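Hi,

Here is the structure I promised to pass on. Have a look at it first, and then read my notes below.

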Amino acid sequence: MGTRALTGLGCRTWCRADVDLCIEDFNRIDCYRVPLLGNFKPHGKYHIADLHTAGGLPILIKELLDAGLLHGDCLTVTGKTVTENLASVSKASDLTQDVVYPFSKPSPLPGTTLPLSSYTQCLHLDGSLATDSAVLKLSGKVFDKPFKGPAIVFDGEGPAYDAIMGGQVKPGQVLVIRYEGPKGSPGMSEMLSPGSALVGAGLGKTVPLITDGCFSGASHGIMIGHVTPEAFVGRPIALVENGDMISIDAVNRRVDLEVSKEVLTARKACWKIPQERQKVKGLLAKYRRSVSSAHTGAVTS
């Protein structure tokens with residue numbers, strides 16, 4: 001297992017494939033080099049089943065082949081090469097459909113006006129709330145203007161979900177769910193339930209969700225996950241209190257807790273790991289001791 005420092009990127013990686021990789025690389029790759037070709041929900045108009053009606057996977061594979069991203073001479077189970085299989089398949093731009101976009105003109109994210117928005121799916125953020133990193137998933141919200149709102153804080157997914165369902169979360173607030181990171185959960189829980197509850201309550205466009213847990217591809221709304229360092233190690237997200245102002249600036253890739261260093265230092269001096277988060281035994285306790293930050297992939301060593 002290789003351990004290497006990435007010059008100029010401010011982080012270290014522990015990569016089992018012995019490949020230097022930093023979270024900043026995902027901005028470079030995902031945001032600026034990988035186009036969005038599928039117009040599918042939850043962000044687009046269609047379901048995956050509609051791809052079959054539009055022409056199926058062959059039209060998507062054709063786009064990738066024509067863009068030089070596939071080896072056309074590879075033999076397939078049909079006995080023909082990839083190029084031979086696609087010889088009679090029409091290009092997406094030649095078809096009357098908008099399920100699959102041409103590689104040369106990828107789909108813009110609805111409501112997103114960030115530069116290169118046709119390529120931007122997730123953004124790596126940092127700032128005073130995520131002094132290492134966090135990940136913002138873009139999903140149908142106008143992000144060219146900063147968002148600022150008061151925090152409403154929960155130590156875990158369950159209490160946050162109950163609060164949303166009980167009407168305690170209001171438009172304009174910033175929902176913070178902590179102690180769901182690799183060590184705190186332990187295991188880095190997926191925040192699909194509270195995220196879905198926000199959307200179901202009509203708050204998907206007005207209440208950002210910030211967590212040291214993670215999200216799946218099905219999440220929708222203003223979602224910032226993988227906040228590091230996580231709450232369990234007593235860093236900024238652990239020190240947020242109800243009413244603290246949090247700002248999100250996607251253009252400048254920042255998420256900031258607008259509380260002075262002096263106040264945070266005083267809070268840190270009084271901070272303790274919540275008692276219910278200390279009750280971990282056996283294999284989970286071993287995992288908690290050995291797992292690294294999500295900033296470096298939440299790997300064990």
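**What I found in the sheet and around it**

In the sheet, Ile 152 has Leu 175 of strand 6 as its bridge partner. Strand 5 and strand 6 run parallel and are joined by 4 bridges. Helix 5 (residues 157-165) packs on the sheet there, touching strand 5 and strand 6, and its direction makes about 150° with that of strand 6. Keep in mind throughout that this is a predicted model.

For the wider view, the protein has 8 helices and 10 strands. Of its 301 residues, 47% are buried. If you take the contacts between residues at least 6 apart in sequence, 64% of them join residues at least 24 apart.

Now the sheet as a whole. It is an open one, made by 8 strands in the order 3-4-8-7-6-5-9-10, with mixed pairing. Strand 3 and strand 10 are at the edges with a single partner strand each, so each has one side without a neighbour in the sheet. On average, neighbouring strands are turned by 25° against each other, direction ignored.

At the strand 10 end, strand 9 (residues 245-249) and strand 10 (residues 254-257) pair in the antiparallel sense, over 4 bridges. Ile 246 sits opposite Leu 257 of strand 10. The two strands form a hairpin with 4 residues between them, and Arg 253 in the turn has a positive phi of about 60°.

Ile 246 comes up again in the packing. The largest nonpolar core has 28 residues, and Ile 246 is among those with the most contacts inside it, along with Leu 129, Ile 210, Ile 224 and Val 255. At least two residues of this core come from each of strand 3 (122-125), strand 4 (133-137), strand 5 (147-154), strand 6, strand 8 (223-228), strand 9 and strand 10. Strand 5 gives the largest share, 3 residues.

Ile 224 is a good residue to click on. Beyond its neighbours within four places in sequence, Ile 224 contacts Leu 125, Ala 134, Val 135, Leu 136, Leu 209, Ile 210, Thr 211, Phe 215, Ile 248 and Val 255. Apart from the largest core lies another one, of 16 residues, including Phe 154, Ile 164, Leu 209 and Met 223.

Then there is Arg 178. Where does Arg 178 lie? It is in the loop between strand 6 (174-177) and helix 6 (192-200). Is Arg 178 buried or exposed? With a relative accessible area of 10%, Arg 178 falls under the 20% cut-off, so it counts as buried. The side chain of Arg 178 reaches the backbone oxygen of Val 240 at 2.9 Å. Leaving out residues up to four places away in sequence, Arg 178 touches several others, among them Val 153, Phe 154, Asp 155, Asp 212 and Leu 239.

Last, helix 3 (residues 57-66). Ile 59, Lys 62, Glu 63 and Leu 65 are buried in this helix. Seen down the axis of helix 3, the buried residues fall within an arc of 165°, so they line one face. Those residues pack against helix 2 (49-54) and helix 4 (82-85). Just after helix 3 comes Gly 68, with a positive phi of about 80°.

Cheers

Notes: Residues numbered from 1 in each chain as written. Predicted model: local features only at pLDDT ≥ 70, side-chain atom pairs only at ≥ 80, totals over all residues. Heavy atoms only, no water. Buried < 20%, exposed > 50% of the residue type's maximum accessible area, 1.4 Å probe, protein only. Polar contact = N/O pair within 3.5 Å; in protein donor to acceptor, adjacent residues only side chain to side chain. Contact = heavy atoms within 4.5 Å. Pairing = 2+ DSSP bridges. Core = buried A, V, L, I, M, F, W, Y, C linked by side-chain atoms within 4.5 Å. Axes fitted to C-alpha atoms, helices over the stretch in contact; angles between N-to-C directions. Arc of directions from axis to C-beta.
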